[in-house]
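Me: I am new to this structure and would like a close look at a single part of it. Please take me through the surroundings of the ligand, and then place them within the chains.

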Amino acid sequence: MQIIFDNVHYVYSSGTSFEKHALKGINLKINKGEFIGLIGHTGSGKSTLIQHMNGLIKATSGKIYFNGEDIYDKNFDMRTLRSKVGLVFQYPEHQLFETTVYKDVSFGPKNLGLDKLEVDLRTYEALKMVGIGDDLIDASPFELSGGQKRRVAIAGILAMQPEVLILDEPTAGLDPRGRDEILDQIAKLHKEKNITVILVTHSMEDVAKYVDRILVMNNGNLVMDEEKVKIFSRYKELEKMHLAAPQVTYVVNALKEKGIPVSTDVTTVDEAKNEILKVFKDKIQKI
Amino acid sequence: MIRDITIGQYYPADSVLHRLDPRLKLSGTLLFIISIFLFDTFYGYIAVTVFLVSVIKMSKVPLKYIMRGLKAIIVILLFTMFFNLFLTQGDVLVRLGFLKITRQGLYSAIFMGIRLTYLILGSSLMTFTTTPNQLTDGLEKLLSPLRRIKVPVHEIAMMMSIALRFIPILMEETDKIMKAQMARGADFETGGVIKRAKSLVPLLVPLFVSAFRRANDLAMAMEARCYHGGDGRTKMKPLRYHRIDYFAYLILLIYMTIVIAISVIENRLPSFL
Ligand SMILES: Nc1ncnc2c1ncn2[C@@H]1O[C@H](COP(=O)(O)OP(=O)(O)OP(=O)(O)O)[C@@H](O)[C@H]1O
Ligand SMILES: [Mg+2]
């Protein structure tokens with residue numbers, strides 16, 4: 001087990017009339033190398049939940065363990081935790097501050113106390129991963145387009161080479177091509193380096209394409225925690241929480257209702273295509 | 001941490017104070033501040049304290065929340081008290097090396113501390129119980145006579161209310177950026193003065209960028225809704241005094257009379273403190 005949540009509660013502005021119980025007893029286990037999707041409607045507590053994972057906010061009650069160690073123990077080193085759990089915030093481009101793209105991305109690795117060569121190496125590697133070319137390395141981050149800024153900001157976390165990578169809606173406001181590029185890159189990283197990835201998103205299509213396991217938040221509760229296919233088969237419950245399954249789930253379910261024997265375990269367009277073709281082929285063979 | 005700064009914030013609650021006319025609260029606060037600087041004796045202090053405590057009680061804002069506002073000025077408070085304590089000339093009470101504490105210094109330090117504390121409590125109580133909109137309306141109405149001598153009253157009031165409105169937004173933004181940089185290993189808490197000042201760069205640059213962006217957005221949004229300053233603007237909810245407001249004015253008047261009376265009488269009588 002890499003990360004364990006044991007009955008974690010979190011209350012914002014406790015004791016005032018702005019009080020908000022944002023997490024209500026979360027129990028959760030995350031294993032090394034998993035690719036997890038975290039979904040839930042606006043304000044359900046997703047961002048609050050992930051900020052606990054690298055100790056940016058401290059649970060009002062409950063415990064969190066990282067690799068078996070209690071992160072609220074006073075001997076626990078938060079800096080190590082933050083270097084191992086990389087968190088890309090919602091709209092990360094708002095945190096850029098340096099004069100050049102290179103300097104901004106190297107801020108993280110420098111804070112880790114690495115030597116110059118290693119910092120250089122990681123910075124270039126991270127920039128390459130997010131598709132920022134050499135021509136932009138010495139540009140000011142404020143001159144870039146919104147999508148380029150986003151990539152630079154994500155590179156800033158990748159350059160720290162975390163073991164767990166958490167992304168809070170990394171693709172909100174990007175064009176479809178840019179979105180696929182970034183997520184493909186992260187999936188590749190997950191596969192090659194076996195890093196744990198937690199993806200917070202509102203796009204069911206992204207969830208369907210990349211993740212294995214889904215966590216569903218609703219009003220501060222973790223209401224579902226299962227394999228992707230199982231979650232999507234409960235799409236009627238998802239709808240009650242202002243969520244939905246991917247489009248193809250609806251297509252295959254409609255087909256099934258019409259008596260066509262497709263499997264409803266498909267989640268992406270490609271899988272659905274293959275499944276439908278298979279059914280047709282079977283039919284033709286029977287004739 | 002950063003959210004502890006509560007000065008200038010509105011605290012929603014259902015109390016008499018929340019319902020009062022903003023003009024009354026503005027002038028009341030001004031009078032209260034004057035009264036703080038009138039008293040310099042024990043009885044005056046009691047009168048002011050009784051008034052402040054009862055107003056705080058009436059406001060239904062939790063005491064803990066009000067007190068948080070003091071945290072922000074604790075340094076200024078201590079500084080002022082320190083200088084008053086050691087630099088006032090008079091009858092020496094204690095000598096500590098080259099420093100000396102005088103009786104007059106002790107009094108003025110205590111009174112100064114109390115005055116500053118009350119000043120902050122009183123004025124933050126006004127903003128706790130008055131929405132920025134009401135505050136702007138009240139200010140604009142109170143200052144409106146100045147319009148005749150070409151003071152841009154509406155603009156001043158608008159600027160003030162926008163500034164107040166931006167405090168929580170910028171605070172939230174600061175919190176967010178701080179967290180984002182901490183996630184990249186930034187350290188805002190340890191190190192010497194220079195290192196700490198340097199560590200603020202990753203916080204301040206994005207904060208300024210975002211403040212300008214927000215200001216720009218707001219200006220656009222206002223223009224898009226045809227905002228063109230105060231000329232010919234009418235109010236959806238014009239301010240009107242109710243009976244309770246007249247009653248509150250009466251209380252204010254009585255309070256001021258008492259404080260002034262005390263300070264006049266006490267100054268004539270020999271001080272026994
Ligand atoms: N700094 C804060 N102070 C007070 N309340 C907050 C704060 N941040 C979030 N909240 C409240 O906590 C709840 C959960 O917020 P959170 O940001 O975790 O939601 P979310 O699931 O990430 O939503 P979104 O999809 O919009 O990003 C919301 O009701 C929100 O209003
Ligand atoms: Mg969020």
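What follows begins at the ligand and then moves outward to the two chains.

Reply: This is a predicted model, in which local features need pLDDT of at least 70 and side-chain atom pairs count only at pLDDT 80 or more, while totals for chains, interfaces and linings use all residues. Residues are numbered from 1 along each chain as its sequence is written, chains are lettered from A and ligands numbered from 1 in the order in which they are written, and side-chain values use heavy atoms, with hydrogens and water left out.

Ligand 1 has 15 residues around it, and those that come nearest are A:Gly43, A:Lys46, A:Ser47, A:Thr48 and A:Gln90 (a residue is near if one of its heavy atoms lies within 4 Å). Although these five belong to chain A, residues from both chain A and chain B surround ligand 1, and the site is therefore shared between chains.

Three of the nearest residues can be followed down to single atoms, each in a polar contact, that is, a pair of N or O atoms within 3.5 Å. A:Thr48 places a polar side-chain atom 2.5 Å from an oxygen atom of ligand 1, and A:Gln90 likewise has a polar side-chain atom, here 2.9 Å from an oxygen atom of the ligand. With A:Gly43 the partner is instead a backbone N or O atom, which lies 2.8 Å from an oxygen atom of ligand 1. Taken alone, ligand 1 exposes 630 Å², and the protein buries 73% of that (areas by the Shrake-Rupley method with a 1.4 Å probe).

Seen by class, the shell around ligand 1 is made up of nine polar, four charged and two nonpolar residues, with Gly counted as polar, and Asp, Glu, Lys and Arg as charged. Two elements of chain A, strand 2 (20-30) and helix 1 (46-53), each supply at least two residues of this shell. Helix 1 of chain A gives the most, with three residues. Helices of at least four residues (H or I) and strands of at least two (E) are DSSP runs.

Stepping back, chain A holds eleven helices and ten strands. Its radius of gyration, taken over C-alpha atoms, is 21 Å, close to the 19 Å that the globule rule (2.2 Å times the number of residues to the power 0.38) gives for 287 residues, so chain A is as compact as a globular protein of that length. The C-alpha trace of chain A spans about 70 × 50 × 35 Å along its principal axes.

Chain B, which also contributes residues to the site, has eleven helices and two strands. Read along the sequence, its elements follow the pattern α-α-α-α-α-β-β-α-α-α-α-α-α. Taken along the principal axes, the C-alpha atoms of chain B fill a box of roughly 65 × 60 × 40 Å.

Notes
A polar contact is a pair of N or O atoms within 3.5 Å; within protein, one must be able to donate a hydrogen and the other to accept it, and residues adjacent in sequence count only if both atoms are side-chain atoms.
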